[in-house]
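Trainee: I am new to this structure, and I would like to learn how each term applied to it is justified. Could you show me the structure and then take me through the terms with care?

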There are 2 protein chains.
Amino acid sequence: MQLFWLSLLPCLYVTSLCTAEQGLEFPSFDGKDRVLHINERNYKKALKRFDMLCLLYHEPQPAHKGRQKQLQMTELVLELTAQVLEDKDIGFGMVDSQKDAKVAKKLGLEEEGSLYIFKDDRVIEFDGEFSADTLVEFLLDVLEDPVELISNPMELRAFERMEEDIRLIGYFKGEDSYYKAFQEASERFQPYIKFFATFDKTAKHLSLKMNEVNFYEPFMEEPAILPGRQLSEMEIVEFVHQHKRATLRKLRAEDMFETWEDDLDGIHIVAFAEEEDPDGYEFLEILKDVARDNTNNPELSIVWIDPDDFPLLTTYWEKTFKVNLFKPQIGVVNVTDADSVWLDMSNDEDLPTAEELEDWIEDVLSGKVNTEDDDDDCIS
Amino acid sequence: MQLFWLSLLPCLYVTSLCTAEQGLEFPSFDGKDRVLHINERNYKKALKRFDMLCLLYHEPQPAHKGRQKQLQMTELVLELTAQVLEDKDIGFGMVDSQKDAKVAKKLGLEEEGSLYIFKDDRVIEFDGEFSADTLVEFLLDVLEDPVELISNPMELRAFERMEEDIRLIGYFKGEDSYYKAFQEASERFQPYIKFFATFDKTAKHLSLKMNEVNFYEPFMEEPAILPGRQLSEMEIVEFVHQHKRATLRKLRAEDMFETWEDDLDGIHIVAFAEEEDPDGYEFLEILKDVARDNTNNPELSIVWIDPDDFPLLTTYWEKTFKVNLFKPQIGVVNVTDADSVWLDMSNDEDLPTAEELEDWIEDVLSGKVNTEDDDDDCIS
C-alpha cells in the first residue's frame, strides 16, 4: 500500500468479490478512453455529434503532484461515467481553463471544477458530489422528459408524497396549449426542480384552474399560485426564481455545493436528522412545523442534512462540529471557517418544542446566538 | 490514462474540486496503513483491542495481475473505511484464506469475499455492495443500540412509515423484564432486521398486549403475532427465521448479494420501479396489493429494485435484461446465467391490474412463463 497514488485516492468501490450468481455486476473501468480533450479544433464537432455533451472545466495541469493525481482521479470518474452511459449518446470532455481559455469563453464556462452539460440549446451546471453514482443518476435524470404527466389519482399521490422536492404542477388543455411555455420553463430547471402537468380532471383534486401553475416549496402544504391565464415561459421562470430558496431544504448529493454556497450572510442554520430514526423523524416534524410557520421570512433557510445520505461525511461532521450525529442536532455553521454553535439538546427525552426552536432561531437571526461566541449557552 | 491499474479501477469519487466554503469536505485516503494483516500471532490481541473487529476473508494473493489489483482496491476500500471511522474503536483486518487458513477456521470464516464483523460474542456477516459509503453506513448502524425505544405517537408514526423494512415491536414492563430476551434476539439480526420496543401506553395504539411481539413483513399492514407470554431469546429468533423471507422485498445495498443468493429454484421475480416516479409509484402500489394478497404463499418472493438506488447498475441491467428502466418492469431472472423474460407492458398508459399481475405470476410459478422460452409472449 505504498504507491504514491494511493495516498490521494478518494473513496471508491469494488465489484462483487465472490458470487456465483449473475445479475448484479458492478462495472469497473475497462481502460478505454472515452473522455475527449476539448480544444478549438474539436468543440463544434463534439457539440454536434452528441445529444448531450458534458464538459468538465478544470484548472490547468498543476505542478504539484498531489493535485495532478486529483485531476487524474476526476478524469477517471468521468471515464467510468462515460463507460456506464455508453449507449446513451452522451459525450464527455475536459476543458483546460488555461490552454483552452478561448473555447471556455465561447462556451460560457466560468467556474473551475464545475461540470457543464450541453443539451439542445441550454446549459446545465452540475455542482454536486463528484462521484460516478451521483453523476450517472443526475445524467439519467437529465435524459428524462422535463415534465411528468399526472393522469390518475395514484400518480397524484406520488406527486403529493414528494414533499422534499421543489415541484410545480400546471393544468392545461393538452400538449398544444399554454403547456408549451410551461414545458420550456421546465427545461431551464431540469433536473433540480420537478415539473408536473395534468390535462384532465386530476386537476380538480388539486383545485387547479385551467392554465394555473402551482409551486410547492419543500415541506409546505399550501402552494404558491400563478393564476390561470396566458403565461409566458419567462413569467414562469421568474416565479420559480422568486420562490426557489426554501425555508427548509434538504441537502442533496446532486447540488450540495450549490446549496452550501447559497448561504445567508456567511452562515447556514443546519439541522441533522436521520429520517429513518424515530428521534430524527420526530425532530424533523418539529422542524417542518417551524418552517411552515415562518415560510414568509426571507431571512430563514434551514439546511436539513440526513446523515444516512452522506455516510462518508458523518464522522467528518462529528469532528468538525463536535456533535454526536446519532442524535438530532441543530446549529449555526459559519461557512468561511466551519466554526459552529449548536443548540443544547442533551436531555434525550425532551426534544425542543416548535416554540423553543423558534425562539432559538430568532436568537440566531438577531445575532444573539452566533459562532463567534462559543462560550454562551444556546438556551439560557 | 495508460497506467495499468486504471484499467482495473472500479468506481470511485473525488473530493470537491473547487469551493471556497468550508463544511463539506469528502475524505480522501491519507495513505496511513490501518488495516491489519491478521495471522495466528495477532488475532487474539486484535479481538481484545477493539470494541468491534471487521475481518475481510479473501482469496489467496492471486497470480493474475488483474485480480491482484482487485484485491488491492478492496484493501483500499477497507483502509478508507478505517480512516473515516478512526475514532469509533473499530479494528479492520484481512485474513488470507490460504496463508491464514488456521485462523480462519478458528474464527469460523467461511465465505471468501465476505466481511465478518466481530462484536461482543457475535459475528455479523456483511454481503453487500463493497463500497466505502455502504460499509461506513452499515458499521455505524451496527454501533447503534439494536433496539430502538418508541415512547410517543410521533415516534410510532416513524415506526409505521418504515414499510420497506422487516421490523419487530415488543411491549414490555421495562428494561428489567422479558425485554432482555427480546434485546438478545435483536443482536442476532442487527442491523438487517429492525427491533423496536415500548414500555408505555404507545403499545395501545398497536393493540399490543404485555410481552407480546409483533413481526411486520415489509409492505404488510397486519403483523404476525408472537403472543404475550414468557418468551425466550430462541423463540423470538425462531419466529424471525420463520417469517423473514418476505413476499415483496426491496434490494438494499447492504445485503444485496445475500438477497440475490436467496433465490427460489434458481430464479427471481424482479420488479423495477422508481418510487419517485409517478408511474413507478403506481406500479409499486399494484405490486404491494399483489404481495398482500399472496403473503401466505411461501413460493413467492418478489425482489423490488428501485433503479435510483443503483445508478451504476442501471445501464448494465438495461443491457443484460434488454429492458427500458425509465419505465416500470417485471420479469423472471435466472440467476445462474442472468437470462430473463419480461412482462409486456409496452402500452404506456395501462399498467397491468393486480389481477393481471397475479395471473402472470401464477404462470411464472407454474413454469408456463420461463426464461428458457424467450420466444413466447408473456401475455397471450
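Mentor: Let us begin with a definition: a salt bridge is a side-chain nitrogen of Lys or Arg within 4 Å of a carboxyl oxygen of Asp or Glu. This is a predicted model, in which local features need pLDDT of at least 70 and side-chain atom pairs count only at pLDDT 80 or more, while totals for chains, interfaces and linings use all residues. Residues are numbered from 1 along each chain as its sequence is written, chains are lettered from A and ligands numbered from 1 in the order in which they are written, and side-chain values use heavy atoms, with hydrogens and water left out.

Trainee: What makes A:Glu275 and B:Arg161 a salt bridge?

Mentor: The closest N and O atoms of A:Glu275 and B:Arg161 are 3.5 Å apart, and the limit is 4 Å, so the pair qualifies. Between chain A and chain B the count is ten salt bridges.

Trainee: How do you know which residues of chain A are in contact with chain B?

Mentor: Contact means heavy atoms within 4.5 Å, and by that rule 100 residues of chain A are in contact with 100 residues of chain B. The two chains bury about 9700 Å² between them, 62% of it on carbon and sulfur atoms; buried area is the accessible area (1.4 Å probe) that two parts lose on being put together, summed over both.

Trainee: Why is the second largest pocket called a pocket and not a cavity?

Mentor: On a 1 Å grid over the protein atoms alone, a cavity is a set of points where a 1.4 Å probe fits but cannot get out, whereas a pocket is an open set with protein on both sides within 12 Å along at least five of seven lines. The second largest pocket is listed as a pocket, so its set of points is open. Its lining has 32 residues, with A:Phe189, A:Tyr192, A:Ile193, A:Lys244 and A:Glu258 nearest its centre; a lining residue has an atom within 4 Å of a point.

Trainee: What makes 20 residues of that lining charged?

Mentor: Asp, Glu, Lys and Arg count as charged, and the lining of the second largest pocket has 20 such residues, besides nine nonpolar and three polar ones.

Trainee: Which peptide bond of chain A is cis?

Mentor: A cis peptide bond joins A:Gln190 and A:Pro191, with omega about -5°. In chain B, the bond from B:Gln190 to B:Pro191 is cis, with omega near -5°.

Conventions:
Grid points are joined across faces, edges and corners, and a volume is the space filled by probe spheres set on the points.
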